[in-house]
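Colleague: I have just opened this one and would like some help reading it. Could you walk me through it?
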Protein chains: 2
Amino acid sequence: MKKDLRETKKVGDHWKKGERAMGKGYTGQVLRVNLSDGKINIEHPNDSFYRTYFGGRGLIAYYLYREVPAKADPLGPENKLIFATGPLTGLPVAGSGRNSVGAKSPLTGGYGDAEAGGFWGAELKRAGFDAIIVEGQSPAPVYLWVHDGEAEIRPAEHLWGRLTADVEKAIKEELGDPYVRVAQIGPAGEKLVRYATVVNDLTHFAGRSGLGAVMGSKRLRAIAVRGHKNVEVADAAKLRELARWMGENYQQLAGGLYEYGTAGGVVSLSLSGGLPTRNFQQGSFEGAEKISGQAMRESILVDRDNCFACPIRCKRVVKVEGPYSVDPVYGGPEYETVAALGSNCGVDDLKAIAKGNERCAALGLDTISTGVAISFAMEAFEKGILTRRDTEGIELRFGNAEALLTMIEKIAARQGLGDLLAEGVKRAAEKIGGGAEELAIHVKGQEVPMHEPRLKHALGVGYAFSPTGADHVHNIHDTAYTREGASLREARSLGILTTLPADYLGPEKIRLLYYEVNWRHFMNLAELCVFVPWTREQVVEMMKAATGWNTSIWELAKAGERVINLTRLFNLREGFSDADDRIPRRFFTAFSDGPLQGKAIPPEAFAAARQLYYEMLGWDAKGHPTPAKLHELGLGWLLEGAESH
Amino acid sequence: MKKDLRETKKVGDHWKKGERAMGKGYTGQVLRVNLSDGKINIEHPNDSFYRTYFGGRGLIAYYLYREVPAKADPLGPENKLIFATGPLTGLPVAGSGRNSVGAKSPLTGGYGDAEAGGFWGAELKRAGFDAIIVEGQSPAPVYLWVHDGEAEIRPAEHLWGRLTADVEKAIKEELGDPYVRVAQIGPAGEKLVRYATVVNDLTHFAGRSGLGAVMGSKRLRAIAVRGHKNVEVADAAKLRELARWMGENYQQLAGGLYEYGTAGGVVSLSLSGGLPTRNFQQGSFEGAEKISGQAMRESILVDRDNCFACPIRCKRVVKVEGPYSVDPVYGGPEYETVAALGSNCGVDDLKAIAKGNERCAALGLDTISTGVAISFAMEAFEKGILTRRDTEGIELRFGNAEALLTMIEKIAARQGLGDLLAEGVKRAAEKIGGGAEELAIHVKGQEVPMHEPRLKHALGVGYAFSPTGADHVHNIHDTAYTREGASLREARSLGILTTLPADYLGPEKIRLLYYEVNWRHFMNLAELCVFVPWTREQVVEMMKAATGWNTSIWELAKAGERVINLTRLFNLREGFSDADDRIPRRFFTAFSDGPLQGKAIPPEAFAAARQLYYEMLGWDAKGHPTPAKLHELGLGWLLEGAESH
């Protein structure tokens, strides 16, 4: 490596030429940065490329499939780390403050990506870019500075090892602009913890898939962005109209999210038996009320926060002074964190959970995987599979909040048992042996999020199927379809006419799964938040207004299905098979107590449902997309091995 | 048969109770009339039934599959004849004046139906019914009188054998109401000509599938309807808004249809080589200008006519005094008739074509099948397969207008060679032998309409695939997608992004075929005319306004796909297989002259396209719908053999 990467490098300002002007079709810019040789290029995909892959997982899957060689080391220079916005990112409508980060996952060895909210994605668009492709591996720590159509690689040795808030502050000072937005890894990413996150704006996380480790392996500590360009749209008045509508209706439609945050449902979930508790051994937690969004509001909540352009303010800001000191700069815990560090570790101390959340944000750890890794270790300890010697004397039992906080530090530092848990529960269990595998609650190596498939059976099929391993974002939550309400009304618009029991796994449920997972994938391509109560119809209007395309629910749902197939092909090429589309045995084992006592997913029904899902997707019995399905989705070029299409 | 069916029978007036009121969901009434025992019943399907099967082909396929036993004689009492409207029939928006008629087809032996425009369907809705199911077989000629929620069976011996205009006049006089609308058969239906039509309002035809013969076999000469009830809708203001929009825009969008009618494209079609000429031996006709819509306007056109609520007035009214006398009460020839009786019989005499059209209307013959049957005989005569003895001395050569008109009479009367041709070209050719099969241009026994698959290759795949045999309504016309325009714009809204050559049969074309044929099936379910230039989006708005359902393009296209599968299952049960999904060898044989000289459909490309289409539909390699596809479409009840669903 002869080139000094710390020398800054500037590129042109093509974006100023107005290629995105609607008269010339919908176009944009992709920034490509090679950290091995320091080369920076700007690419200009055309309208039909954007209309095929859209954004988010679509762009990421396209580039990964095309450019990352099969069997590449996720933590080696051949892997690529891609930051992608969508056609709605940065537009003045609620839910548009999102972007995705993707790479081959060091956690699963397959397709990996994650979404985050916040302000970073909108800023990237304002800087003139839809996506950044990071290639190669820098010989020394660097960060990337992207601003108004330009990009430069800057040294970051002085930032290495520091907490995320320190780094964000330092970069803003260094660049002399407090409005710079920073996406970064923390020390956990530097240490290649396999579920390290990419953090942006300190309180937003592309949490899953271990993308922070990929970023760490490239020695890229951060990407700072700043732009002054308004994102051009085809119909600004329509977007304003939609924004006004949501401004007038969000309180009625999503007031609970403002009031209690995403953890507002903890108590009712516990009562229904679907709150993951003590490493998914139980579904109901006696301390649920103490860790709920309601309790948070009454105790440690000091403010609410939002993402770009969103009035809902579902994000929490908490402050704790004792016994733990929690800095509000890191926001506050969301539902996934409350359950992962709380009920699932048997911890009912909200302040400890808040502290854990703050440390995961500062260190750059995914709270879901972190919580599940620790709950796995707790169960192993209680069952004698791990001993006090393994834990270096820690009494690693469920409910031990101090042990939880200590283990977070050890994982981030890859110290002691933390080094093992930093590999994720799948690898850790394989190494530990002695029955530990039964306690490792993961799918394809990714720890299961805080949604109980024994309550929501099709969610379990969705877990098995997801290209990134267990995933709750691109999935259905069966309980929403058991009664009249927004979800069922939206499902009805696709032709699902009746309510469906949560524990029903028959054909009509799989039809729902097929339709809705396609759509949820489209929501990712658009980079629109699923919490904002837009109807599908409004999303189509929004897409039309943003792009000028005369699109439809049909086209957009098919775009979602397209990327499902693209990620599937990526995983098949990496050696995944139908045998990997499975969920932990625990979910086939009945609860021994609680509201769902005696309930489990029937294995035969699960197997039949999975096969039916394959078939509905147009896949063969082994889960391979058929040529006809690829052709139907405009992915025929993948069959012919053509260079481009 | 002890019961005297001529005794009138009255039923209740359930419809007055307002069950269709939107607050109670979308409901309606189906009239069931058994002509064997004279029983009349009214059924009240619920909202979810209507939202699954909608109308038209949906209702017909449902009832036929459920109620007509496999292998039933199409002309026997077990067959059922169904008249069905759709959710849009009778609403005050252009294109809504349509209804379907269906039965097991005596022409193909498989699923049969046909659509007609006019006013009869709207009147049936105003009388309180969405559909009429006619069962059994009357011992003597009858007609059905349906009015304001009531129905009675009335004697029709005095009408039997008379021309359609006489019968319509007689019924109106008899019922004492000039606003009664009449759907009826003519003498050809009475004589069980296998392509006899059901005529309504004298100038509108449910032409294909031989439904007039089914009606004749039941000795049902006519159904007269009259209603005074406005069709209830969920959002009348929205419908008025749409109607106003079309009122303001139809001239710009569809002015040619007003000006020249559907035959306005004859000359350009001939120039492109796609005008069926001399039994599809050629694609270009030297007399094209003489028979064009332009020539018609300059000569015999005396008025234009319309369907219910439609401002476009594409229908022709012609008057001829010599050498043929043509009565304007029967309207005038549309494109299919101009080509079938004109170019395809080598006839360039527009007045003779107009006379042929008038006689087909008066006698109740499908002009397409009639024209193709005669052109078949002309070619056979010219090739010596039929002799002057077979034709009873007629010089049955292409271009002989007198012979054409004589043969129409002979077919309707089943006299001489006409009796053989009345069986359709498939049966006639089998009987004639001596190579006649090569000249019989049909699919599944139904004569090919006036669209040349060597110009439009995917249309050929659509012909092969259609459940009713060769069909131009639920099909794509490839040439529309070779350039920017309304069709491509609409295709783009489904994600088909590029223009596609008309002779291209690759995957992207089959994707287009799959998407568009699904949609065209939905247009049939809604009973909306494909000539009216509504966008897909406007159709969705219309459906919402009509029904109150929060529906979408997705749901509606899937409803189209649903009925495709239902009709497929009907045909499979009747013994059809993939071997029947074929087109005449002629279309694989190159034109020897004309603009498409040397052009044919490549057989290998055709075979591959058909298989790909099967696969895109979710069918197996033999063209059987898979269980997953049926489940996805809510047709799982067909797999389980359940009584209802």
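Modeller: Let me begin with a term: a polar contact is a pair of N or O atoms within 3.5 Å, and within protein one of them must be able to donate a hydrogen and the other to accept it. Please keep in mind that this is a predicted model.

Colleague: Okay, so how many residue pairs are in polar contact between chain B and chain A?

Modeller: The count is 12 residue pairs, with both residues at pLDDT 80 or more. On the side of chain B that touches chain A, several helices give two or more residues, including H1 (47–53), H19 (507–526) and H23 (627–632) of chain B.

Colleague: Which helix gives the most there?

Modeller: That is H21(B), which gives six residues to the side of chain B that touches chain A, and the residues of that side divide into 12 nonpolar, 10 polar and 12 charged.

Colleague: And how many salt bridges across the interface?

Modeller: The rule finds two between chain B and chain A. In a salt bridge between Lys544(A) and Glu537(B), the closest N and O atoms are 2.0 Å apart.

Colleague: How much area do the two chains bury?

Modeller: They bury about 2,900 Å² between them, with 60% of it on carbon and sulfur atoms, and the contact takes 34 residues from chain B and 34 residues from chain A.

Colleague: Switching topic, what turn lays chain B on chain A?

Modeller: A turn of 180 degrees with a shift of 0.0 Å along the axis does so, at an RMSD of 0.0 Å, and that is the relation of a two-fold axis. Among the residues of chain B, Trp554(B) comes closest to the rotation axis, its C-alpha lying at 2.6 Å.

Notes:
Residues are numbered from 1 along each chain as its sequence is written. Chains are lettered from A and ligands numbered from 1 in the order in which they are written. This is a predicted model: local features need pLDDT of at least 70, side-chain atom pairs count only at pLDDT 80 or more; totals for chains, interfaces and linings use all residues. Side-chain values use heavy atoms; hydrogens and water are left out. Contact means heavy atoms within 4.5 Å. Buried area is the accessible area (1.4 Å probe) that two parts lose on being put together, summed over both. A salt bridge is a side-chain nitrogen of Lys or Arg within 4 Å of a carboxyl oxygen of Asp or Glu. A polar contact is a pair of N or O atoms within 3.5 Å; within protein, one must be able to donate a hydrogen and the other to accept it, and residues adjacent in sequence count only if both atoms are side-chain atoms. Helices (H or I, at least four residues) and strands (E, at least two) are DSSP runs, numbered from the N terminus. Ala, Val, Leu, Ile, Met, Phe, Trp, Tyr, Cys and Pro count as nonpolar, Asp, Glu, Lys and Arg as charged, and the others, Gly among them, as polar. Copies are superposed by least squares on the C-alpha atoms of residues with pLDDT of at least 70 in both.
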